[in-house]
Amino acid sequence: MSIPSSGGGPSLAERLATVDGRIAEAAREADRDPALITRIVVTKFHPASLVRELAELGVRDMAENRQQELSAKRAELADHPALQGVRWHFVGQAQTNKTRQIRAAADAVHSVDRARLVTALDAAAPGAQGVLDVLLQVNLTDDPGRGGVAPAELEALAEQVAAASTLRLRGIMAVAPLDEAPRPAFARVRELSTRLRRIVPDADWISAGMTADFEDAIAEGATHLRIGSAITGNRPARG
Ligand SMILES: *Cc1c(COP(=O)(O)O)cnc(C)c1O
């Protein structure tokens, strides 16, 4: 049973199909296999019911940018069959005093950007068996307030993650700067990914590309797209 869209615009299923078509087309233009590109749907500020609908449409990767919202949605949807096997990505600013909750709720953390956070995430491991996927978020601007490690400090942070037994370094994450065309910025991310792989050869995820710029990200090698509003519609006001 599908839930009709309000206002007569395209339904959730139609928006998802449109975005997937654009991903396939951009991959084709870049001579890349679209099957090797993971489309993550960012569901922040939307209710758990929308996450459930997405899961019923076959979406297997969801992302949130606030720990409390991530934890609450996972708890609310824990028993829902369509959510089994869904991977949850945490893409927001991570606080060192919330690392236990982040580890409990996330399968991958894209926003690791400082040494203290690496230490805290490693220390928050639930037991010897748990390994958390992490990506290093790199800051593509000169503004330290934008979040992300400075490119010059990327290697040192990668070495620290590589040495942490409960963390697995998967790759790099970036958000395009606001005051620059996205394509050259994503080209820098691709170079930084090459540098990262000299330290951890299989850390080959490139998490880049949002609603406004995912085609540019695909052209520059992105493997994981974080797409929100193009699929979910406009976000409700922040609660
Ligand atoms: C919200 C968000 C996205 C998705 O943004 P859209 O422009 O809605 O696609 C991607 N990445 C991060 C880190 C976000 O916070």
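The paragraphs below go from the overall build of this predicted model to two of its helices.

The protein has 239 residues, for which a compact globule would have a radius of gyration near 18 Å; the value found here is 17 Å, which agrees. Along the principal axes, the C-alpha atoms fill a box of roughly 50 × 40 × 30 Å. The secondary structure consists of 9 helices and 8 strands. Of the 239 residues, 49% are buried. Taking contacts between residues at least 6 apart in sequence, 64% join residues at least 24 apart.

The accessible surface amounts to about 11500 Å², and carbon and sulfur atoms account for 50% of that area. As for charge, the protein carries 29 positive and 31 negative charges, and the mean positions of the two sets lie 4 Å apart.

Helix 3 covers residues 67-77. Its buried residues are Gln67, Glu69, Leu70, Lys73 and Leu77. These residues span an arc of only 165° around the axis, which puts them on the same side of helix 3. An α-helix has 3.6 residues a turn, so residues three or four places apart point the same way. The cover over the buried residues of helix 3 includes helix 2 (48-56), strand 2 (61-64), strand 3 (87-90) and helix 4 (99-105). On the face turned away from the buried side, helix 3 carries the exposed residues Gln68, Ala75 and Glu76.

Alanine 72 also belongs to helix 3. Its relative accessibility is 45%; because buried means under 20% and exposed over 50%, alanine 72 counts as partly exposed. Alanine 203 is 131 residues away from alanine 72 along the chain, and the C-alpha atoms of the two are separated by 30 Å.

Helix 6, made up of residues 154-163, can be read in the same manner. Leu154, Leu157, Ala158 and Val161 are its buried residues. Viewed down the axis of helix 6, they fall within an arc of 100°, so they line one face of the helix. The exposed residues Ala156 and Ala163 sit on the face turned away from that buried side. Among the elements that cover the buried residues of helix 6 are three strands' worth of entries in the chain order, namely strand 4 (108-112), strand 5 (132-137) and strand 6 (167-173), together with helix 5 (115-123) and helix 7 (182-199).

Note on methods: Residues are numbered from 1 along each chain as its sequence is written. This is a predicted model: local features need pLDDT of at least 70, side-chain atom pairs count only at pLDDT 80 or more; totals for chains, interfaces and linings use all residues. Side-chain values use heavy atoms; hydrogens and water are left out. Helices (H or I, at least four residues) and strands (E, at least two) are DSSP runs, numbered from the N terminus. The radius of gyration is taken over C-alpha atoms; the globule rule is 2.2 Å times the number of residues to the power 0.38. Buried means under 20% relative accessible area, exposed over 50%, partly exposed in between (1.4 Å probe, protein chains only). Contact means heavy atoms within 4.5 Å. Accessible areas come from the Shrake-Rupley method with a 1.4 Å probe; for residues, only the protein chains shown count as cover. Lys and Arg count as positive and Asp and Glu as negative; His and the chain ends are not counted. The place of a charge is taken as NZ of Lys, CZ of Arg, CG of Asp or CD of Glu. The arc is that of the directions from the helix axis to the C-beta atoms.
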